[in-house]
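Dear colleague,

I am passing on the structure we spoke about, so that you can look through it at your own pace. Below it I have set out what was found, and I would ask you to follow each point on the structure as you read.

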Amino acid sequence: MERTHIAAHRWRLIFFAAGAILAGWLLRGVLRALAMQLLAASALAVAALPLCRRLERRMAGGASTAVALLALLAGAALTALLVIPPVAGQLRTLAESLPALMEELQGWLNRFIAWLEGRHIDLAPLRDGLIGRLTEAAGSLVTRAMGMVSGIIGSLSKVLLSPLMAFYLLRDRRRIATGLTLLLPVQHRARGVRAAREMKRETAAFLRGQLVLSLAVGGMTAAALAIVGVPGWLLLGVLMGILELVPYIGPVIAGVPAVLLALPGGWVKAVWTLAALAGIQEGEGAIL
């Protein structure tokens, strides 16, 4: 009798797991959208948590949560209104001036290859293939960048419920933590709570630190390129701030287009651009 009961319970678990997998596969689009909403809500909650804790000393839990989230969203909206229009304008300007820029870069490349060929180095096959690939890549670069900006804006429209979810995550965070704690076995509960607290503190500090570094490096890059006179300085600053999140190779990837855009202004401007980018990276590593 007991074996029959165990077998029946096992089959019920198998059918339940199979049904859950089938439902997940059928609703994968909805679950993907829900996961994106939850991820965006968690990021908002982590960003607004320090301000929410300060406001909770003077206001009720719901009011402090709402004020913290509204302040964060207002700051983000103001930043977007100040940054997105000029970035889009610089992107359009670069797209219009791309043919002339490519001719200038091809002239520099041809002169450099001619100088090498004067030293009896045959680079004709490399020159023809390299210029063709460079022209083709540059022609699609701006189109891809504009498509990426449109895609980012479209993705933001898909997480419109995330502020509401972030509100409940912040307001009920202690209740949620208590519920998750009760899921742990009693003998491991204290250790699990300590580990969760350590993970939460370190992860939140790391994310806030990376955000501060990204904003600082992006702002300094934009200011330095504007002083040097590199076209698209704000766009390049935003790109540097984003790629600062990519360890080691991110700043290098963002620095290459800055130097290339400075080349038509002469070697002096290109050298100053490279020196400014290197100085900012050294300051970020040694000080920030």
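Is Tyr168 buried, partly exposed or exposed? Please keep in mind while you look that this is a predicted model. Tyr168 has a relative accessible area of 41%, and it counts as partly exposed because the range for that class runs between 20% and 50%. Phe167, by contrast, is buried, since its relative accessibility of 17% falls under the 20% limit.

These two residues also belong together in another way, for the structure holds 1 aromatic pair, and it is formed by Phe167 and Tyr168, whose ring centres lie 5.4 Å from each other with an angle of 80° between the planes. The arrangement is called edge-to-face, because the angle is over 60 degrees.

Turning to the interior, you will find that the largest nonpolar core has 23 residues, and that Val230, Leu236 and Leu261 are the ones that touch the most other members. At least two residues of this core come from each of helix 3 (61-117), helix 7 (189-228), helix 8 (233-243), helix 9 (249-262) and helix 10 (267-286), with helix 3 giving the largest share, 6 residues. Another core, which lies apart from this one, has 12 residues, including Ala48, Leu49, Ala68 and Ala166.

Val230 deserves a closer look: if residues up to four places away in sequence are not counted, Val230 touches Leu225, Leu236, Ala258, Leu261, Ala262 and Thr273. Thr273, which sits in helix 10, is buried at 0% relative accessibility, and with the same kind of neighbours left out, those up to four places away, Thr273 touches Leu225, Val228, Val230, Ala258, Val259 and Ala262.

Two further buried residues may help you to find your way around the helices. Ser64 is part of helix 3 and has a relative accessible area of 0%; when neighbours within four places in sequence are left aside, Ser64 is in contact with Cys52, Leu55, Glu56 and Met59. Gly218 is part of helix 7 and is buried at 8% relative accessibility, and its contacts, again leaving aside neighbours within four places in sequence, are with Gly237 and Gly241. From Gly218 to Leu235 there are 17 residues in sequence, while in space the two are 9.7 Å apart from C-alpha to C-alpha.

With best wishes

Conventions
Residues numbered from 1 in each chain as written. Predicted model: local features only at pLDDT ≥ 70, side-chain atom pairs only at ≥ 80, totals over all residues. Heavy atoms only, no water. Phe/Tyr/Trp six-rings, centres within 6.5 Å; stacked < 30°, edge-to-face > 60°. Buried < 20%, exposed > 50% of the residue type's maximum accessible area, 1.4 Å probe, protein only. Core = buried A, V, L, I, M, F, W, Y, C linked by side-chain atoms within 4.5 Å. Helix = DSSP H or I, 4+ residues; strand = E, 2+ residues; numbered from the N terminus. Contact = heavy atoms within 4.5 Å.
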